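These are my notebook entries on one structure, written down in the order in which I looked things up. I begin with how strands pair, then turn to cores, to the contact of the chains and to a single glycine.

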Amino acid sequence: MTINYMSGAEAVIQALVENGVEVIFGYPGGAVLPLYDALFENNQIKHILVRHEQAAVHAAEGYARSTGKVGCVLVTSGPGATNAITGLTDALMDSIPIICLSGQVPTHLIGTDAFQEADTTGISRPCTKHNYLVKDANMLCDIIHKSFEIASNGRPGPVLIDLPKDIQLSKVKYKNKIFNTKDHKQIKSSDLDMDVINKVAKLLLQSERPIIYGGGGVVNSGPHASKLLTELVNILDCPVTLTLMGLGSVPNTNKNFLGMLGMHGTYEANLAMHHCDLMLNVGARFDDRVTGRLNAFAPNSKKVHIDIDKSSINKVVSVDYAIVGDCKEVLFALVEEVKKLHNQNIKKPKTKWWSQINKWRAKDSLGFKQLGSNIKPQQAIKSLYEKTKNMDTYITTEVGQHQMWAAQYFGFSKPNHWMTSGGLGTMGYGLPSSVGVQIAHPKSLVIDISGEASFLMNMQELSTIVQYKLPIKIFILNNEWMGMVRQWQELNHGSRYSESYTASLPDFVKLAESFNITGLRVDNINNLEATIDEMVNIKGPVIADIRVEKEENCFPMIPSGAAHNDMILSSEDNNKDTSNEGLALV
Amino acid sequence: MSVYQKNEVKEAETSRTLSLVVDNQPGTLARVIGLFSGRGYNIESLTVTEIDNIKNLSRISLVTRGTSMTIEQIKSQLLRIVPVHIVRDLTLEGPFIKSELALVKLVVNGANRVEALRVAETFRARTLDVTLSSFVFELTGKPSKLDAFIELMRSLGDTEISRTGVSAISRGYKTETKLLDQI
């Protein structure tokens, strides 16, 4: 019998292939040269050379979020690994499955402050779901297989594998993945408590003012979970709102959809949350952007929480019923139970609730007036949506006002088409993320809705975009300000705009041209639609510099420290001073 | 913890003893401690040693303080750590034994030497080292017993204290064997 010996680096690559990896985002360096050597001879994995390691992780996140697969990253030791940390933290906060391979100095040099040495497993411990330092080449294959399971099972997250250079060079025997590994901590669908499901189904039917609030867990659970959630909403004829992370899991066109909730959510969504008598949370985590002031959060409601992560339950909001499990499995059981009970005529009419909600809707909290020739940023997003809604469009964003406007005014009819940094709020996320999305969906229209300040944070990736001929459209809402910082300074700090103006911006059209891509600029509302048409129709990448109204604020808004029923709808509405506690909040 | 104030139900904090079975690997302890420091939980006492050298498992005995909501959080968060296999709340499960070992060095001369030995005998401490001007005593038992002994020793002379922290186990015939078999 011949034993298949190979180098550690070759074994790593083979293990990636065995785990279904087709694309890896990375940047070479001294400590990963053997891995790059193994990649050189491999034609099963496509390597995408980014221009910064943070971007490699964000690209892998975009890839993972738009496909449901595990994203894969390869970086070198020391600065390569430390640069990846922001991306890993972002993936942890938003529960995105990522495998990050990092090079490390050879084992005998670990701890000697060798060149490009960093305690990578130490640094990344709190920002990964799990990490490994491989010190024994015989463990290499098992660790990689196990890492893929950890990254994708349960609540997904990033896993880092630190690979010393001598391990990459040592001879190892390749081991295949064993599939029936039992994990005693894994939640099985058979563990579902049908009693609780039955009670919740009854509550849903019998409550007078129910609301369903869905989050990123529904998207993470796969497209089927989104279908089931929509089905549940339709059967119950119940209002539904979604978090920033959950957008798309119920189509925006569904008549029961109230829009996004939370700090910049719609009036009707937040008021319905506040006045409901039953709240069903599906795969969301009562994040502080969503709840507002906790002691005034949905005060007269029974709360039900479905989450795959037990630690999310009762973390910040105590609930009456908790169901720990995968959204699609719990939703399936719940839909079946509701259908069964539906015939028993126990359903309470919700007409009063809907007429109340329709009154809130009539406030038209997302309304704005497009006057004069200046482009309102809201209008820019609205027009972008109108022009692209019938195409296969994927949206990524950076972080700030443009992100909120995108969430408010762009409609998402399908899950996995909206990639934004929710938990960590990472400026510079959108451009590299769009690289990952476009690699995964070469034929689709991928748009990075950006702000000029966020764009500057990772604009080196223009080079990646050009190298791989990715036809990404970069739609910059350019107001020359770090808009959200400016808005908070206006509302909370007496309009003292400390360091929030971006001076010395580049000429984005010339910048585009220097990379040999198309640059467009528009500053008049009359030319907006034509510019969007032009952008969409150009085959290659485009930077569209959309000069928008400079001092527009993002509304509606729950001011910091306030409750859902304390929203402000416009600047004129902001007559109350923020409380001292509120000022301390982020 | 959210940046917003928590619900204003003020519930008393209580002391809880947790017993964990974890993989005996580099980094596992760092993960457990990092969880406590990163999320602002308390650790009052912590001991770790290998308990199974075939399966490579260690036990962490941990005493923490918090409201029941915080303790539930701590337990769920601990279970998220990949190499943490079992998290038991001994305080909640029922009667259990808490024991600790202390080494106490006492520098003492003259008549107090006899007093020191008398106290040690009363507490059933063992004398591990003697010089003409000092003793080293070893004492095991409940933390409160150790506290009382150490307080008496301090009144007799200059002391140096080394304590192991609490090790704990449930009373009765039930064992973890079934849980351990699943690992």
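Entry one, a term before I start. I count two strands as paired if DSSP finds at least two bridges between them. I also note that the model is a predicted one.

With that rule in hand I looked up strand 19 of chain A and strand 20 (residues 542-547) of chain A, and I found that they pair in the parallel sense over five bridges. Within this pairing, G519(A) stands opposite I543(A) in strand 20 of chain A. I then asked myself which strands are the edge strands of the sheet. The sheet is an open one of six strands in chain A, with the order 16-15-17-18-20-19 and parallel pairing. Its edge strands are strand 16 (418-419) and strand 19 (518-522) of chain A, each of which pairs on one side only.

Entry two, strand 5 of chain B. I looked up the partners of this strand, which covers residues 96-107, and began with strand 9 (residues 167-170) of chain B, to which strand 5 is paired in the antiparallel sense over four bridges. Here K98(B) has A168(B) in strand 9 as its bridge partner. Strand 7 (residues 134-141) of chain B also runs antiparallel to strand 5, and eight bridges join the two. In strand 7, the residue opposite V107(B) is S134(B). Strand 8 (residues 158-163) of chain B is another antiparallel partner of strand 5, over six bridges, and in strand 8 I161(B) is the bridge partner of V104(B). As a reminder to myself, strands of a sheet pair through backbone hydrogen bonds, either parallel or antiparallel.

Entry three, the nonpolar cores. The largest core has 77 residues, and those with the most contacts inside it are I212(A), L280(A), F475(A) and I546(A). The largest share of this core, eight residues, comes from helix 13 (residues 327-342) of chain A. I followed I212(A) further and, leaving out residues up to four places away in sequence, found that among the residues it touches are L229(A), L236(A), P239(A), L280(A) and V282(A). A second, separate core has 38 residues, including V23(A), F25(A), A55(A) and A56(A).

Entry four, where the chains meet. How many residues does the contact take from chain B and from chain A? I noted 25 residues from chain B and 27 residues from chain A. Between them the two chains bury about 2500 Å², with 52% of it on carbon and sulfur atoms. The rule finds one salt bridge across this interface, and I looked up a salt bridge between the side chains of D309(A) and R80(B), at 3.4 Å from N to O. The elements of chain B that give two or more residues to the side touching chain A are helix 1 (28-39), helix 2 (68-80) and strand 4 (84-89). Of that side, helix 2 of chain B gives the most, with seven residues.

Entry five, a glycine in a loop. G411(A) is found in the loop between helix 16 (401-409) and strand 16 of chain A. Is G411(A) buried or exposed? G411(A) counts as buried because its relative accessibility is 13%, and buried means under 20%. Not counting residues up to four places away in sequence, G411(A) touches N252(A) and Y385(A). I also looked up I381(A), which is 30 residues from G411(A) along the chain, and their C-alpha atoms are separated by 9.9 Å.

Note on methods: Residues numbered from 1 in each chain as written. Chains lettered and ligands numbered in written order. Predicted model: local features only at pLDDT ≥ 70, side-chain atom pairs only at ≥ 80, totals over all residues. Heavy atoms only, no water. Core = buried A, V, L, I, M, F, W, Y, C linked by side-chain atoms within 4.5 Å. Buried < 20%, exposed > 50% of the residue type's maximum accessible area, 1.4 Å probe, protein only. Contact = heavy atoms within 4.5 Å. Buried area = accessible area lost by both parts, 1.4 Å probe. Salt bridge = Lys/Arg side-chain N within 4 Å of Asp/Glu carboxyl O.
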